[in-house]
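Me: I'm new to this one, so could we go through it together? I'd like to hear the reasoning behind each label.

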Amino acid sequence: MRRRYGNMVLEAIRSLLRKPETLPSKEIERKIFTEESRGIPTLIADKCIGCSLCAMTCPSQAITMIPGGKRSIGGRVIEIKIPSFDYSKCIYCELCAQICKQNAIEIRKDQDPIIIMKNGESR
Amino acid sequence: MKVMGAVDLRRDKDSSVVLVSPDSFPEAIKATIPSYPHLITITAVHIDGGIELIYSFDNLRGEMRNIIVRLPEKEASIQSISSYLKGSYIYEMEVRDLFGVNFLGHPIPSARLLLPDSYPTNAPPPLLKTVSLEQLSRILDEAQRQEPPTMLTPVTGSSRYSVESLVILPFGPYHPALKEPEHFAIALEGERIVEAMPRIGYVHRGIEKLAENRTYLQVLFLVERVCGICSFHHSWTYTMAVEKLLGITPSKRAEYLRTLVAELERIHSHTLWIGLLGYWSGFDTMFMWLWSARERIMKLLEMIAGNRVNKSFITIGGVRRDVSDEKLKIILREIAEFEREFRKITDEVMSYDPLIERVRGIGSYNAETAILSGAVGPVLRAAGIPYDIRKIEPYGAYPEISFNVITGSRGDVLSIADVRVRETFESIEIIRQVIEKIPSGNPVPPTFFTGGGRDGEAIARTEPPRGELYYYIRGRTGMKTPYRVKIRTPTLPNLVLASEALKGYTLSDIPLILTMIDPCFSCEDRAIVYVGRRDPFIVKLHRTPPREISGGCTL
Ligand code: SF4
Ligand code: SF4
């Protein structure tokens, strides 16, 4: 019994001195990406050749191919389609970037991910 | 001990597959049950104009027997086996809902388990191959528009209880004592529970149907979302089945890393559950202590995979990123710290008399009831049956790791808690061995598998924190998508046991007894995607048409 009371007092003192277990909301906002997290896929339009591989692979079907203007590939000028990301569907899995043979999709961590708001808008 | 590979069930020359006709089916089942008492699940496949039912049994030592029976597509019906094995009734209801097979002599003849009550009775069952996603979407859309949500008055078998002395209490789907939506019709005599009949499906998302419309690689990300706690085990089991189907062997290091993440997942899941036990018995401090200790493991998972919940760590043929030696060292250090903390907390709480008195002897059941209900995982092991897939059908790095299968001596809430505490320590030891023995090499495949399937079928089983998880995959040559993906999550059979164990206890014990199995109703429901944000009540099982493009590729 005595040991238990001792422990209780110790625990109480320790808890008083310790940092809180949960993060304050300010800190969470700063901590959206850690070193290990995957980031946000963004297109480097010049590198893309419009092969659609990323759109076909994306698990959440977040990529649609849209007209991307003319591009000269292998000496010929053709109309290409480039990916457009629907960030409210994206699960930030990084697969598109890893699958793209041209390295045309860059994963960036300098922007906040899109958060779906209650009213269906996103930010 | 036999390691089940089971690539192509039918080409397997041993006796693990028995093809029977509907007439000789009852005999075959009767002959099988004495030596194979554990019914894993009933898998239905709509193929070649018929419905194939695969009854998968296990002898509780890792040997499987699959009894396959073919039924015509129209008016398919077969004898129910629930009089031999109680637990089968829930699988039969699942097949009845999703494939329209009629089970003769079923104890709950008309009620639904998964499909919404508003699903028209004359509409085709959703998992038939002849039903397209668009059609299904239309059916559900119309059904939802026509009536107010009839799900609020679910039909269970409770109409059988019209005796005056009994009160039928509707429990759930939304109830303060439940964290997830499920419904129980509880027959009460005074304060005592006489019977409890489950009705699930409130979070049914149609994952199995969606899986038939996505490529093998995409499905991997889909199944990861079946459960938020065992997410890695789902993706691992699926990957294992695909690897068996296609004959891909991942590297040794990949297998070790998979095992590492799986065991971390077990630790965090068990810690979470033990915390919840405190929560449901009114001991909130215990809940907070354990959940704060669990945070350490979550941070490790984030460090390894980049994500805390849906880890996206595994891929077909390997893993998606390597874990450096420094990180392995950090894991060792943190896990030691966790062990110290966890031991301190569990020593304290598991010797705290008010808690012990509250949970001892509650929800008690014996080994026989557990087996007949088809229970799995810690629930079955607490009753003394050493049924652990890691041991009886080793996968990943488990063949090279020595560990004990933890069992208890009686089934009740306390004994299950004890099993989970000891299993957590065992997992810590497994992690130490994994890190010590991990081979070098590159676990990341050079290119990601983006191909299609081939003719054949494969079964994979793993042991997530809640118990045996079962995946069945059927492939077809030339098809980019799996022909059929069947998932049997551990909560489904454990739910049968929980309904059994509720009998004889009082209303106030319900939260504790339900928590005992560590229920995950989302994972047993899986499968409707909600789209159409402007009208939140439109349900579409979707592939949505591309929405208007919001311009450019920047944020
Ligand atoms: S981003 Fe890459 S994968 Fe996608 S279309 Fe362009 S080149 Fe192809
Ligand atoms: S990160 Fe994943 S979900 Fe997002 S667009 Fe790329 S592949 Fe699709």
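Reply: Sure. Let's begin with a term: a salt bridge is a side-chain nitrogen of Lys or Arg within 4 Å of a carboxyl oxygen of Asp or Glu. Keep in mind that this is a predicted model.

Me: Why is the pair Asp418(B) and Arg422(B) called a salt bridge?

Reply: Their closest N and O atoms are 3.3 Å apart. The cut-off is 4 Å, so the pair Asp418(B) and Arg422(B) qualifies as a salt bridge. The two are four residues apart in helix α14 of chain B, which means about one helical turn separates them.

Me: And are Asp418(B) and Arg422(B) buried or exposed?

Reply: Partly exposed is the label for Asp418(B), at 34% relative accessible area, and also for Arg422(B), at 33%. Buried means under 20% and exposed over 50%, so 34% for Asp418(B) lies in between, and so does 33% for Arg422(B).

Me: What makes Glu339(B) count as buried?

Reply: Its relative accessibility is 14%. Buried means under 20%, so Glu339(B) gets that label. Its salt-bridge partner is Arg432(B), at 2.8 Å from N to O. Here the pair links distant parts of the chain: Glu339(B) sits in helix α9 of chain B and Arg432(B) in helix α14, 93 residues apart. Arg432(B) is partly exposed, with 24%.

Me: How do you know that Arg296(B) and Glu334(B) form a salt bridge?

Reply: The closest N and O atoms of Arg296(B) and Glu334(B) are 3.2 Å apart, and the limit is 4 Å, so the pair passes. Arg296(B) belongs to helix α8 of chain B and Glu334(B) to helix α9, with their positions 38 residues apart. Arg296(B) is partly exposed at 24%, and Glu334(B) is partly exposed at 21%.

Me: How many salt bridges are there over all chains?

Reply: The count comes to 42. Chain B also has a network of salt bridges, with Glu263(B), Arg266(B), Arg381(B), Asp388(B), Arg390(B), Glu423(B) and Glu463(B) linked in it.

Me: Which salt bridge can you show me between chain B and chain A?

Reply: Glu36(A) with Lys327(B), where the closest N and O atoms are 3.5 Å apart. That is within 4 Å, so the pair counts. Between these chains the count is two salt bridges, along with 12 residue pairs in polar contact. On chain B, α5, α8 and α9 each supply at least two residues of the side that touches chain A, and α8(B) gives the most, with five. By class, that side of chain B has 10 nonpolar, 10 polar and 12 charged residues.

Me: How many residues does each chain bring to the contact?

Reply: Chain B brings 32 and chain A brings 39. The area buried between them is about 3,000 Å², and carbon and sulfur atoms give 49% of it.

Me: What makes 11 residues of the shell around ligand 2 nonpolar?

Reply: It's a matter of residue type, and Cys is one that counts as nonpolar. The closest residues to ligand 2 include Cys58(A), Cys90(A), Cys93(A) and Cys96(A), so these four fall in that class. Glu94(A) is also among the closest, and Glu counts as charged. The shell has one polar and one charged residue besides the 11 nonpolar.

Me: Which residues come nearest to ligand 1?

Reply: Cys48(A), Cys51(A), Ser52(A), Cys54(A) and Cys100(A), out of 14 around it. The shell around ligand 1 divides into 11 nonpolar, three polar and no charged residues.

Note on methods. Residues numbered from 1 in each chain as written. Chains lettered and ligands numbered in written order. Predicted model: local features only at pLDDT ≥ 70, side-chain atom pairs only at ≥ 80, totals over all residues. Heavy atoms only, no water. Contact = heavy atoms within 4.5 Å. Buried area = accessible area lost by both parts, 1.4 Å probe. Polar contact = N/O pair within 3.5 Å; in protein donor to acceptor, adjacent residues only side chain to side chain. Near = heavy atom within 4 Å. Buried < 20%, exposed > 50% of the residue type's maximum accessible area, 1.4 Å probe, protein only.
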